[in-house]
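Good morning, everyone, and thank you for making the time. I would like to walk you through a few unusual spots in a protein backbone, so please have the picture in front of you as we go.

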Amino acid sequence: MTQPYDLITMGRIGVDIYPLQTGVPLAQVETFGKFLGGSATNVAVAAARLGRRSAVISRTGRDPFGDYVHQALRDFGVDDRWVTSVDAYPTPVTFCEIFPPDDFPLYFYRRPKAPDLVIRPEELDQEALAAARIFWITGTGLCEEPSRSATLAALEARAKAGPTVFDLDWRPMFWGGEGGASGDGGATGAAAMATARPYYEAALRHATVAVGNVDEAEVATGLRDPKACAHALLEKGVELAVIKQGPKGVLAVHRDGRTAEVPPTPVEVVNGLGAGDAFGGALCHGLLAGWELEPMMRYANAAGAIVASRLACSSAMPTADEVDAFLAGR
């Protein structure tokens, strides 16, 4: 490695099979598009689109969808050297339904086990993890072994050498709960949260930034008030807590007392999936640039809004010129 990466992410990767019709139940959809997917992967793509040198740590199946993942990563300028194959499991696919402005059910096909949950501690490039300007992990990576041990080992190797972001990324069905991509997980939500919380707390001790919505912050803190969640996350070890509040905007609270609360950026929503990953990539861009909290949150909000106004996730991630033009037009 000749120079550190701006960003290394670790976590889910796969293929999004999204309907090309909106407002239509999945059973009635006739045409679909194929896109690179997975939250950690989308964040790396979002940062690459903003000019940052990024890489992903993940695994695929040894199958044509795995081949597609590698080609798509390279096309986006994301380094795929740490995306390796697993013989036993297929590359995951994810379907969704699109009912704008705020209903986008996700259907994950990750059983009997997703390859990205077979990342092992001994496979990690600890030197690269320590050297990266930002390292990003997700809550999903903590849900099963050996990925759980690998994620915590990566955080220990990182040792807060620079910004280390924990995307709280609550997916209750991966923890034995019910429900969609966020929310309380249906009838078993409380039990799923209780199962996840010790592992979230362990990760927070090694992170410097936590980012998530109120549902996700509740998993880590047991609280739902955004400001209380932010301060609880600081008490658990991070330096910066970012709470996404949907129509109420975003709240950022730093350990040094700085705060920023910015309103949402209104757009006509086409597909809300991927907006949070665009936010994450733009957040990393702002951290790397050393921006103050308020302009960083406004920029990240704008990136997320742009993706929400488009159909896909990875291929919808905006360039820096697009974000600048979007903000200039507000």
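I will talk about peptide bonds to begin with, and afterwards about backbone angles. Please keep in mind throughout that this is a predicted model.

Let us begin with a question: which residues are joined by a cis peptide bond with an omega of about 10°? One such bond links Pro-100 to Pro-101, where omega is about 10°, and if you look for Pro-101 in the structure, you will find it in the loop that runs between β6, residues 93-96, and β7, residues 106-109. Another cis peptide bond joins Arg-111 and Pro-112, again with an omega of about 10°, and here Pro-112 sits in the loop between β7 and α3, the helix that covers residues 126-131.

Now let us move along the chain to the backbone angles. Where is Ala-159 found? Ala-159 belongs to the loop between α4, which spans residues 147-158, and β9, which spans residues 164-167, and although Ala-159 is not a glycine, its phi is positive, at about 55°. Lys-160 is likewise in the loop between α4 and β9, and Lys-160 also has a positive phi of about 55° without being a glycine.

Finally, are these two residues buried or exposed? Ala-159 has a relative accessible area of 54%, and because exposed means over 50%, we call Ala-159 exposed. Lys-160, on the other hand, has a relative accessible area of 35%, which lies between the 20% and 50% limits, and so Lys-160 counts as partly exposed.

How values were computed
Residues are numbered from 1 along each chain as its sequence is written. This is a predicted model: local features need pLDDT of at least 70, side-chain atom pairs count only at pLDDT 80 or more; totals for chains, interfaces and linings use all residues. Side-chain values use heavy atoms; hydrogens and water are left out. Helices (H or I, at least four residues) and strands (E, at least two) are DSSP runs, numbered from the N terminus. Buried means under 20% relative accessible area, exposed over 50%, partly exposed in between (1.4 Å probe, protein chains only).
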